[in-house]
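Good morning, colleagues. Please turn to the structure on the screen, which I shall take you through part by part.

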Amino acid sequence: MIYAVAGLIFGIVVGVLTPGFIPKVYAPYFSVALMAGLDTAFGGLRAAMEGDYDNTVFLSGFLVNMALAVFFCYAGILMDIDFYLVVILVLGMRIFNNLAIIRRLYLKK
């Protein structure tokens, strides 16, 4: 638990001290990567609450989900299609699905 709190404090300090400017060109990539990261984080929380958490699966899923989401975004931009909107929609639905399951698991305890 101490590592999680230390990581959270470190992240907040780094976020406050660094400039928060993302160029407009990279905004679709950042938004897709952020949604993929949130999806993986909530999926990991869900797995932990179900007693099925595996750190290797979590880390590999985190990296692969972010890389695949950014690749879809890049491919869409190459084809002149706003494909990142579809990726964000799908990841958003997965996040809400995971949150609904987490809520149900929390209420059962």
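Let us begin with L8, a residue of helix α1, which covers residues 2-17. Is L8 buried or exposed? Its relative accessible area is 55%, and because exposed means over 50%, L8 counts as exposed. I should say at once that this is a predicted model, and that every value I quote is computed from it.

L8 also belongs to a nonpolar patch on the surface. The other members of that patch are M1, V5, I9, I12, V13, V16 and L17, and together with L8 they offer about 880 Å² of accessible area.

Let me now place this helix in the whole chain. The protein chain has four helices and zero strands, and its elements follow one another from the N terminus as α-α-α-α. The C-alpha trace spans about 50 × 30 × 25 Å along its principal axes. Of the 109 residues, 22% count as buried.

One of the buried residues is D39, with a relative accessible area of 2%. Which residue does D39 meet in a salt bridge? The partner is R94, and the N to O distance is 2.8 Å. This pair links distant parts of the chain, since R94 sits in helix α4 and D39 in helix α2, 55 residues apart. Unlike the buried D39, R94 is partly exposed, at 43% relative accessible area. As a general remark, side chains of opposite charge can pair when their charged atoms come close.

By the rule applied here, the count comes to two salt bridges. The other one joins E50 to R46, with 3.4 Å between the closest N and O atoms. Here the partners are four residues apart in helix α2, so about one helical turn separates them. E50 is partly exposed at 41% relative accessibility, and R46 is partly exposed as well, at 25%.

Returning to D39, I would draw your attention to F96. F96 lies in helix α4, which runs over residues 83-108. F96 and D39 are 57 residues apart in sequence, yet their C-alpha atoms are 8.9 Å apart in space. F96 counts as exposed, at 62% relative accessibility.

I turn next to the pockets. Rolling a probe the size of a water molecule over the atoms shows where empty space is left. The largest pocket has a volume of about 270 Å³. Its lining consists of 16 residues, and those nearest its centre are T40, G43, G44, A47 and V57. The elements that give two or more residues to this lining are α2 (27-50), α3 (55-78) and α4. Which element gives the most? It is α2, with six residues. By class, the lining holds four nonpolar, seven polar and five charged residues.

The second largest pocket holds about 210 Å³ of space. Both partners of the R94 and D39 salt bridge are in its lining, which also includes A36, F72, F83 and L91. Here the largest share, six residues, comes from α4. The lining comprises nine nonpolar, one polar and two charged residues.

Finally, a word on the loop between α3 and α4, where D80 lies. D80 is not a glycine, and yet it has a positive phi of about 60 degrees. At 72% relative accessibility, D80 counts as exposed.

Methods: Residues are numbered from 1 along each chain as its sequence is written. This is a predicted model: local features need pLDDT of at least 70, side-chain atom pairs count only at pLDDT 80 or more; totals for chains, interfaces and linings use all residues. Side-chain values use heavy atoms; hydrogens and water are left out. Patches are made of residues with over 30% relative accessible area and no salt bridge: like charges are joined within 9 Å, nonpolar side chains (Val, Leu, Ile, Met, Phe, Trp, Tyr) within 5 Å. Accessible areas come from the Shrake-Rupley method with a 1.4 Å probe; for residues, only the protein chains shown count as cover. A salt bridge is a side-chain nitrogen of Lys or Arg within 4 Å of a carboxyl oxygen of Asp or Glu. Buried means under 20% relative accessible area, exposed over 50%, partly exposed in between (1.4 Å probe, protein chains only). On a 1 Å grid over the protein atoms alone, a cavity is a set of points where a 1.4 Å probe fits but cannot get out, and a pocket is an open set with protein on both sides within 12 Å along at least five of seven lines; lining residues have an atom within 4 Å of a point. Grid points are joined across faces, edges and corners, and a volume is the space filled by probe spheres set on the points. Ala, Val, Leu, Ile, Met, Phe, Trp, Tyr, Cys and Pro count as nonpolar, Asp, Glu, Lys and Arg as charged, and the others, Gly among them, as polar.
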